[in-house]
Amino acid sequence: MPKIITIAREYGSGGRLIAQRVAEKLQLVYYDNEVIDLAAKELGFDIDTIRKAAEEKTSSFMYTMSSSAFTLPLNDQVFTTQSKIIRHLAKYDSCIIVNGCADYVLEDYDDVLTVFIHAPLESRIKRVEEEYKEEHDNVKKFVMKKDKGRSNYYNYYTTKKWGQLKNFDLTLNSDLGIEQVADTIVKFYLEGNF
């Protein structure tokens, strides 16, 4: 039976870096934007269009762009397709899935360790500037906007509230250090404490 790790994260917390380290240490397959790319291919859309849609909840504008009354808006199609792909991946192989809603999509599956990575806002701003090398007029505002988008998306497509501790088996502050956090996740995974 496959054992899965899902990682959701605040923007700039280093969650993707941590997931990659965990994947290396456990020699697991790692998925993040690959899930979005697979959804794009399945829907026959441009990958950039799908990535943008995957970050936004449905709007009435998207409904008006639908070709018929029976067509789901693009955002809903992306969420549905990503969910199918995530369930398919979890069914056949132990892996790490970095996707904001993967914990919810796989909530009825056994052997899923759900992790949320967070950090103080100032630490995340610093990481975005120094490690991610992103340049924005107002980095603080940009980081907060990214979190708000993730929160809105998660809250819209799930029955849970984004970032709420009780939704996860393990929540970790990445200020403890990327390696230390990765080692903690590896330990929980190997001990089956989930």
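## Nonpolar cores

In this predicted model, the largest nonpolar core (buried Ala, Val, Leu, Ile, Met, Phe, Trp, Tyr and Cys residues joined through side-chain atoms within 4.5 Å; buried means under 20% relative accessible area with a 1.4 Å probe, protein chains only) has 23 residues. Those with the most contacts inside this core are I4, Y31, V35, F79, I86, I97 and L106. Two or more residues come from each of β1 (4-9), α5 (74-92), β3 (95-98), α6 (102-105), β4 and α8, and α5 gives the most, with five. Helices (H or I, at least four residues) and strands (E, at least two) are DSSP runs, numbered from the N terminus.

Leaving aside residues up to four places away in sequence, I86 touches V35, I97, N99, A102, V105 and L106 (heavy atoms within 4.5 Å). A second, separate core of 21 residues includes I5, I7, L113 and L172.

## Strand order

Five strands form an open, parallel sheet in the order β2-β3-β1-β4-β5; strands pair if DSSP finds at least two bridges between them. β2 (29-31) and β5 (170-173) are at the edges with a single partner strand each, so one side of each lacks a neighbour in the sheet.

Strand β4 (residues 112-118) is joined to β5 by four bridges, and H118 stands opposite N173 in β5.

## Helix α7

R124, I125, R127 and V128 are buried in helix α7 (residues 121-130). Because they cover an arc of only 165 degrees around the axis (taken from directions from the helix axis to the C-beta atoms), they lie on the same side of α7. The buried residues of α7 pack against α8 (139-157) and α9 (178-191).

## Basis of the values

Residues are numbered from 1 along each chain as its sequence is written. In this predicted model, local features need pLDDT of at least 70 and side-chain atom pairs count only at pLDDT 80 or more, while totals for chains, interfaces and linings use all residues; side-chain values use heavy atoms, with hydrogens and water left out.

Technical notes. Buried means under 20% relative accessible area, exposed over 50%, partly exposed in between (1.4 Å probe, protein chains only).
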